[in-house]
Amino acid sequence: MHASEQPDQPERPDQPERPGHPAAVSVPTPAGPARITWYAAASAAGRARSVLALGHGAGGGIEARDLVALAAALPAHGVTVALVEQPWRVAGKKLAPAPKTLDACWSALWPALTEPGLPVVAGGRSAGARVACRTAGPLGAAAVLALAFPLHPPGRPEKSRADELARFTGPLLVVQGGNDTMGKPARFPAGRAPYEIPHADHGFAVPKRAPVTQEAALTALTTAVTAWLAGLGYAAG
């Protein structure tokens, strides 16, 4: 998350295109302006049921393939998706600040996420998932979606971050690649077992030799998240 930690793996060029017609707004935080890019729930889905706020990782932004896929898929199910860029990323910096700063900035922009008057599901990928887990309880998040949660630094399973998953006691879904070097599904504690995307790495990329396509892997991810949100009453099935 900061200079001493490993960033996300670089995104590959085969990620899907970002969905169109988003609305981006700047939000002040203690570390400078953050940016929220809104993807409103589609009118055909009926009234919006929730907001899903998603933060990015330490080595990439909101162009990550999993965030893009969810922003494209969920509005049709009554979920407004808010992709959140932390101030360091908005400012064009290459290294994320310390966790304390990330949490403070996320907390500062929370009122903007609740402004639509809907339940807010906090989430993110990698470092963004950690921020969501640490702050969800105090902020009153309805649930948490942790994508590619970095359970430990690469090759250091003894440095577990499972305590961060335990901080939020409400509904939580972890979605993890089967080949994630920062936390394979089998290593997660009981009660926090992830939904596994087979063959996928930390960025949810699958090798070209895998028996599933990249598109199929992302469809599995969005389908799992949609079903989970629908089960909680925060999305249309």
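This is a short talk on the sheet, the helices and the empty spaces of one structure.

Hi everyone, thanks for coming. One thing before we look around: this is a predicted model.

Let's start with the sheet. How many strands does the open sheet have, and in what order? There are eight, and they follow the order β1-β2-β4-β3-β5-β6-β7-β8, with mixed pairing. At the edges sit β1, residues 23–27, and β8, residues 195–197, each of which pairs on one side only. From one strand to the next, the twist averages 20 degrees.

Two of the pairings make a nice contrast in direction. β1 and β2 (residues 34–39) run antiparallel and are joined by five bridges. If you want a place to click, A23 has W38 in β2 as its bridge partner. Further along, β5 and β6 run parallel, again with five bridges between them. There you can pick G123, whose bridge partner in β6 is L145.

Stay with β6 for a moment. Are its residues buried or exposed? Five of the five are buried, so β6 is largely enclosed by the rest of the structure. Both of its faces are covered: A143, L145 and L147 are buried on one side, and V144 and A146 are buried on the other.

Now the helices. Helix α4, residues 127–139, lies across four strands, namely β3 (50–55), β5 (120–125), β6 (143–147) and β7 (172–177). Relative to β5, α4 runs at about 145 degrees.

Helix α1, residues 65–73, is another one to turn on in your viewer. Seven of the nine residues in α1 are buried, so this helix too is largely enclosed by the rest of the structure. The buried ones are R65, D66, L67, V68, A69, L70 and A71, and the list includes R65 and D66, in case you like to check charged side chains. What do these buried residues pack against? The partners are the strands β2, β3, β4 (79–85), β5 and β6, together with helix α6 (214–232).

One loop residue is worth a stop as well. H152 lies in the loop between β6 and α5 (162–166). With a relative accessible area of 5%, H152 is under the 20% cut-off, so it counts as buried. Leaving aside residues up to four places away in sequence, H152 touches P157, K159, R161, T181, M182, G183 and R187.

That brings us to the empty spaces. Rolling a probe the size of a water molecule over the atoms shows where empty space is left. A search of the whole structure finds two cavities of 30 Å³ or more. The largest cavity has a volume of about 90 Å³. Its lining is made by 14 residues, with H56, Q86, L102, G128 and V131 nearest the centre. The elements that give two or more residues to this lining are α3 and α4, and α4 gives the most, with three. By type, the lining of the largest cavity has nine nonpolar residues, five polar and no charged.

The largest pocket comes out at about 170 Å³. Which residues lie nearest its centre? Those are A31, P87, W88, K93 and P97, out of 15 that line the pocket. Two elements, α2 (87–90) and α3 (99–114), give two or more residues to this lining. In the lining of the largest pocket, 11 residues are nonpolar, three are polar and one is charged.

That's my tour, and I'm happy to rotate the model for anyone who wants another look.

Terms used: Residues numbered from 1 in each chain as written. Predicted model: local features only at pLDDT ≥ 70, side-chain atom pairs only at ≥ 80, totals over all residues. Heavy atoms only, no water. 1 Å grid on protein atoms, 1.4 Å probe; cavity = no way out; pocket = protein on both sides within 12 Å on 5 of 7 lines; lining within 4 Å. Points joined across faces, edges and corners; volume = space filled by probe spheres on them. Pairing = 2+ DSSP bridges. Axes fitted to C-alpha atoms, helices over the stretch in contact; angles between N-to-C directions. Contact = heavy atoms within 4.5 Å. Buried < 20%, exposed > 50% of the residue type's maximum accessible area, 1.4 Å probe, protein only.
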